[in-house]
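I opened this entry to keep a record of what I looked up, residue by residue, before going further.

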Amino acid sequence: MRSLGTRRVTWAAGVATVAVIALSGCSAGQVAETSILKTPISGLNTQSPDGNLLIRNLQVIYNDPEGYPANGDAPLEVALFNQSTAEMTVLISSRPLQDEQAGIVSARQIGLDGGPAAGRPSANPEPSGGSSDSPDEVGGGNDQNTGVEQPSAQPSQPGTPSIAPTATLQPARITIPPLSSVTYLPEDDTKLVAAGLSDELVPGHSLSLIFEVSGQAQPIELTAPFAIPLSPASRAPGETAEEHE
C-alpha cells in the first residue's frame, strides 16, 4: 500500500504533465493561426454602382520617400474585374477635384506604356494579366465601397518601374472580356502610368482618378493612395540613430 507522501507526489506529477500538454497545444494553435495571417495592403477597393466592375488594390507604386516630382510620371497598380456576362470598356483619366484639397494631385494623362499595343494607337490596349485572377486574390486595405465584403491580396514587391517618355503612352482605354480581369503590376511589361503630375506626389498624398465604364452614365471618381513601403527607408549616408538616455 502506497504511503500518503507517495500518492501526493504522483498526483502532483500528473497535474504538471497535463499543464505542459495544455500549454503545448495552445502554443501550436497560436503558430497555426499566425502562419495564415496576410500582410495588409494599402491599395483602394471599390466597385461600380451596379457591381459589374470591381476595382481592387488601386494605388500609386511606392518608389522612395521623395516620391514623384511635379510634371513627372508615376506608375499605378490596379486590378479590374468584369463581373458581367458582356464585354466591358473602362477609360481611366485624371482631373483636379472641384473642391481643391491639399495632398490630392491630378495628372495630365493616364496612359499605357509598353506591351504589344503601345505602338498601335487604333488597337485596344492589351494589359498584362488575364482571367485567372479572382477578386478574392487581389484586394486592399482602403475601402470605398457600399456593403461589399473586401477581399485580401498578397502585396506586390516595391520598386520603381522604368517608364518611357510620355509621348509613347496610349490612352488607358481597357477592354475586359466577360467574367474576366486585367491587372497592372510593377513587374509587368505593360504599365499604367499617370503622366504630367500637377504637383509633387509623395507618400501620404493621393492621385485623383476618373473611371468611365461602358454602359454607365456616371463616372467613378476616386483618389488612389500612395503605396506603403514593405520595409523602412534606408538612412542617408552619415546619418546616425538618435541617442536615447
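**Notebook: loops, charges and rings**

I began with Asn-71, which I found in the loop between strand E2 (53–60) and strand E3 (74–82). The model is a predicted one, and I keep that in mind for every value below. Asn-71 has a positive phi of about 70 degrees although it is not a glycine. I count Asn-71 as exposed, because its relative accessibility is 63% and the cut-off for exposed is over 50%.

I then turned to Leu-179, where the backbone again shows a positive phi, here of about 50 degrees, in a residue that is not a glycine. Leu-179 sits in the loop between strand E9 (173–176) and strand E10 (181–184), and with a relative accessible area of 56% it is exposed.

Next I looked up the charges. How many salt bridges does the structure hold? I noted 1 salt bridge, formed by Arg-95 with Glu-221, whose closest N and O atoms are 2.9 Å apart. Arg-95 lies in the loop between strand E4 (88–93) and strand E5 (104–105), while Glu-221 belongs to strand E13 (residues 220–225), so the pair ties together parts that are 126 residues apart in sequence. Both ends of the bridge are partly exposed, Arg-95 with a relative accessible area of 41% and Glu-221 at 49%.

On the surface I also recorded a patch of negative charge, in which Asp-64, Glu-66, Glu-100, Asp-199 and Glu-200 gather. I checked one of these further: Asp-199 is placed in the loop between strand E11 (191–197) and strand E12 (206–213), and it is partly exposed, with a relative accessible area of 44%.

Last came the rings, for which I logged 2 aromatic pairs. Tyr-62 and Phe-226 form an edge-to-face pair, 6.1 Å centre to centre and with 85 degrees between the planes. This pair links distant parts of the chain, since Tyr-62 is in the loop between E2 and E3 and Phe-226 in the segment after E13, 164 residues apart. Are these two residues buried or exposed? Tyr-62 counts as buried at 12% relative accessibility, and Phe-226 counts as buried at 6%.

Phe-226 also pairs with Tyr-68, in a tilted arrangement with 5.9 Å centre to centre and 40 degrees between the planes. Tyr-68 is in the loop between E2 and E3, and this pair likewise links distant parts of the chain, 158 residues apart. Tyr-68 is buried, as is Phe-226. I closed the entry with the cluster into which ring pairs link Tyr-62, Tyr-68 and Phe-226.

Technical notes. Residues numbered from 1 in each chain as written. Predicted model: local features only at pLDDT ≥ 70, side-chain atom pairs only at ≥ 80, totals over all residues. Heavy atoms only, no water. Helix = DSSP H or I, 4+ residues; strand = E, 2+ residues; numbered from the N terminus. Buried < 20%, exposed > 50% of the residue type's maximum accessible area, 1.4 Å probe, protein only. Salt bridge = Lys/Arg side-chain N within 4 Å of Asp/Glu carboxyl O. Patch = residues over 30% accessible without salt bridge, like charges linked within 9 Å, V, L, I, M, F, W, Y side chains within 5 Å. Areas by Shrake-Rupley, 256 points an atom, 1.4 Å probe, with all protein chains shown as cover. Lys, Arg positive; Asp, Glu negative; His and termini not counted. Charge placed at Lys NZ, Arg CZ, Asp CG, Glu CD. Phe/Tyr/Trp six-rings, centres within 6.5 Å; stacked < 30°, edge-to-face > 60°.
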